[in-house]
Amino acid sequence: MPFTAERMRKMLNLGKQPWHHAGRLDIIAPGTELLQPEFLFEKIDDTVIEAQVNKLLETKRQNELNAWAPAAVKEKVAFDDFGKVDIRVGTVLECTKVPKADKLLQFRIDDGMGGRTIVSGIAKYYPEPEKLVGTQVCFIANFEPRKLKGVESQGMILSAEDKDGRLVLVTPSQLVACGANVG
């Protein structure tokens, strides 16, 4: 039931008072017994508040996704420079989380040339790395090896960043031979 001036007068045992008495300090006579108090506003349960906050956050997230636009194209590079990047296809033989690293996965890739280890910062998007075994991925084969959390990474697995920030592995649409060039 909505709170009204009539309910307030009843609670304070005021009876009928003209509006021009509002704000006066002597409106309630000394010794006046107050009646049963009531809440001025309906109590809102924490779960209702949480549901509304979540609804607002989801609306905000959807608005951000709807406003997404691709990043600007990077500066131009010569075709010959791009030709120096060796992109290949390999099949994931093993995939595990790198110990003491929240973001890193360690891949063992069949690259058609004896295999290689690649470390990639995509663990957040693939919480069950063992499910990637058997997946074909595109990777850069000719980067200088680099140690990440004590593991030597011999390349870089390619992934696309979706508008929600999620990283998705770049994979061929059909099965191809391990070590096949992408270009």
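The legends below describe an overall view and several close-up views of one predicted model.

Residues are numbered from 1 along each chain as its sequence is written. In this predicted model, local features need pLDDT of at least 70, side-chain atom pairs count only at pLDDT 80 or more, totals for chains, interfaces and linings use all residues, and side-chain values rest on heavy atoms, with hydrogens and water left out.

**Figure 1. Overall view of the protein chain, with 3 helices and 10 strands.** Helices (H or I, at least four residues) and strands (E, at least two) are DSSP runs numbered from the N terminus. Read from that terminus, the order of elements is α-α-α-β-β-β-β-β-β-β-β-β-β. The radius of gyration, taken over C-alpha atoms, is 33 Å, whereas a compact globule of 183 residues would have a value near 16 Å; the globule rule is 2.2 Å times the number of residues to the power 0.38. Along the principal axes, the C-alpha atoms fill a box of roughly 95 × 40 × 30 Å. With contact defined as heavy atoms within 4.5 Å, 56% of the contacts between residues at least 6 apart in sequence join residues at least 24 apart.

**Figure 2. Confidence in helix α1 and strand β4.** The pLDDT is the predictor's confidence in each residue, from 0 to 100. Its mean over the protein chain is 90, and 98% of the residues reach 70 or more. Confidence is lowest in helix α1 (residues 5–11), at a mean of 78, and highest in strand β4 (residues 136–140), at 98. Where pLDDT is low, the predicted coordinates should not be read in detail.

**Figure 3. Surroundings of Cys95 and Cys138, both buried.** A disulfide is a pair of cysteine sulfur atoms within 2.5 Å, and by this rule the count is 0. Cys95 is in no disulfide, as the nearest cysteine sulfur, that of Cys178, is 15 Å away. For Cys138 the closest cysteine sulfur also belongs to Cys178, and the separation of 12 Å is too far for a bond. Buried means under 20% relative accessible area, exposed over 50%, and partly exposed in between (1.4 Å probe, protein chains only). Cys95 has a relative accessibility of 5%, and Cys138 has 8%. Across the 183 residues of the protein chain, 25% count as buried.

**Figure 4. The salt bridge between Asp111 and Arg116.** A salt bridge is a side-chain nitrogen of Lys or Arg within 4 Å of a carboxyl oxygen of Asp or Glu; the whole structure holds 8 of them. Side chains of opposite charge can pair when their charged atoms come close. The closest N and O atoms of Asp111 and Arg116 are 2.8 Å apart, and both residues are buried.

**Figure 5. The salt bridge between Asp81 and Lys84.** The N to O distance of this pair is 3.5 Å. Asp81 is partly exposed, at 39% relative accessible area, whereas Lys84 is exposed, at 57%.

**Figure 6. The salt bridge between Glu128 and Lys131, and a network of salt bridges.** The side chains of Glu128 and Lys131 meet at 3.2 Å, N to O. Glu128 counts as partly exposed, with 41% relative accessibility, and Lys131 as exposed, with 57%. Elsewhere, Asp162, Asp164 and Arg166 are joined into one network by salt bridges that share partners.
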